[in-house]
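Here is a short report on one protein chain. Keep the 3D view open while reading.

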Amino acid sequence: VDVSVAVLRHMDTDNYQRLKSAGINVITIGSGPKLYSLSKMRKLRPIMKQYDVVHTHLTPPFLMGAFNSLFCPKSKFVCTIHNTDTKFRHIPVLRSIEKWAYSRYNALIACSKEAEDALRKFWNNGKTTILTVNNGVKLDKFKNAEPSEEISQIPGKKITMVAVFRSQKDHECLIKAAKLLP
């Protein structure tokens, strides 16, 4: 199986290094501060045409994939859905664009049953495969981890949450739950 990863901007991250060291072809579409642009969408098209399956996730690449699917009739398009809600669903014209974009995909993979249920409630054409592949964290990687010296010096309980500040991430719940800790 020939696997490549197309990135919209080169960033020398741990993930990038892992992909390269595993022999995965990483295709950089561009550089510079403008992450999402029509020129990058056009640059993706000939790359997408080369592959049997194109997988996207996150809103801008999802929309780029949907549009480019019009020009890649032999490719199958798959998208991972990470959220139970989107900004698009609350603005009528964008809601229509989101529904159209979903219709361009052959399969949609929700990262949780809740995300799948929300997607089916919002959109389901009866033709596109929608399924759940639960996100998971490899707990063994973190179970025996030692806190950094900087964190160790902070007195009391230490709690972190890694997420964007969006209502569906429910940061307030973490704060309320922290008050209940002994």
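## Fold and confidence

The chain has eight helices and six strands. From the N terminus on, the elements run β-α-β-α-β-α-β-α-β-α-β-α-α-α. This is a predicted model. The C-alpha atoms fill a box of roughly 60 × 40 × 30 Å, taken along the principal axes. Of the 182 residues, 28% count as buried.

The average pLDDT of the chain is 87, and 95% of the residues score at least 70. Helix α4 has the highest mean pLDDT of the elements, 96. Helix α6 (residues 139-143) has the lowest, 72. Where pLDDT is low, the predicted coordinates should not be read in detail.

## Salt bridges

Side chains of opposite charge can pair when their charged atoms come close. The count here comes to four salt bridges. Among them are the three in this table.

| Salt bridge | Closest N to O distance |
|---|---|
| Glutamate 98 and arginine 89 | 3.2 Å |
| Aspartate 117 and lysine 113 | 3.1 Å |
| Glutamate 116 and arginine 120 | 2.8 Å |

Start with the pair of glutamate 98 and arginine 89. Are these two residues buried or exposed? Glutamate 98 is buried, and arginine 89 is buried as well.

Helix α5 (residues 113-122) holds both aspartate 117 and lysine 113. They sit four residues apart, about one turn of the helix. Aspartate 117 is partly exposed at 38% relative accessibility. Lysine 113 is also partly exposed, at 45%.

Glutamate 116 and arginine 120 belong to helix α5 too. Because they are four residues apart there, about one helical turn separates them. Glutamate 116 is buried, with a relative accessible area of 8%. Its partner, arginine 120, counts as partly exposed at 34%.

## Aromatic residues

A pair of aromatic rings is described by the distance of the centres and the angle of the planes. The count comes to six aromatic pairs. One of them joins phenylalanine 62 and tyrosine 105. The pair is stacked, with 5.3 Å from centre to centre and 20 degrees between the planes.

What does this pair tie together? Phenylalanine 62 lies in helix α3 (residues 59-69), while tyrosine 105 lies in the loop between α4 and β5 (107-110). The pair therefore links parts that are 43 residues apart in sequence. Both phenylalanine 62 and tyrosine 105 are buried.

These two residues also belong to one aromatic cluster. The cluster is formed by Phe62, Phe77, Tyr102, Tyr105, Phe122 and Trp123.

## A nonpolar surface patch

Now turn to the surface. Phe67, Leu70, Phe71 and Trp100 make a nonpolar patch of about 350 Å². Tryptophan 100 lies in helix α4 (residues 92-103). Its relative accessible area is 35%, so tryptophan 100 is partly exposed.

## Cysteines

A disulfide is a covalent bond between the sulfur atoms of two cysteines. How many disulfides does a search of the whole structure find? The search finds zero.

Why does cysteine 79 not form a bond with cysteine 111? Their sulfurs are 11 Å apart, which is too far for a bond. A disulfide would need the sulfur atoms within 2.5 Å. For cysteine 79, the closest cysteine sulfur is the one in cysteine 111. For cysteine 111, the closest is in cysteine 79.

Both residues are covered by the burial values. Cysteine 79 counts as buried at 1% relative accessibility. Cysteine 111 is buried too, with a relative accessible area of 10%.

## One backbone detail

Which phi does leucine 58 have? Its phi is positive, about 75 degrees, although leucine 58 is not a glycine. Leucine 58 is found in the loop between β3 (53-57) and α3. At 48% relative accessibility, leucine 58 counts as partly exposed.

Notes
Residues numbered from 1 in each chain as written. Predicted model: local features only at pLDDT ≥ 70, side-chain atom pairs only at ≥ 80, totals over all residues. Heavy atoms only, no water. Patch = residues over 30% accessible without salt bridge, like charges linked within 9 Å, V, L, I, M, F, W, Y side chains within 5 Å. Areas by Shrake-Rupley, 256 points an atom, 1.4 Å probe, with all protein chains shown as cover. Salt bridge = Lys/Arg side-chain N within 4 Å of Asp/Glu carboxyl O. Helix = DSSP H or I, 4+ residues; strand = E, 2+ residues; numbered from the N terminus. Buried < 20%, exposed > 50% of the residue type's maximum accessible area, 1.4 Å probe, protein only. pLDDT = per-residue confidence, 0-100. Phe/Tyr/Trp six-rings, centres within 6.5 Å; stacked < 30°, edge-to-face > 60°.
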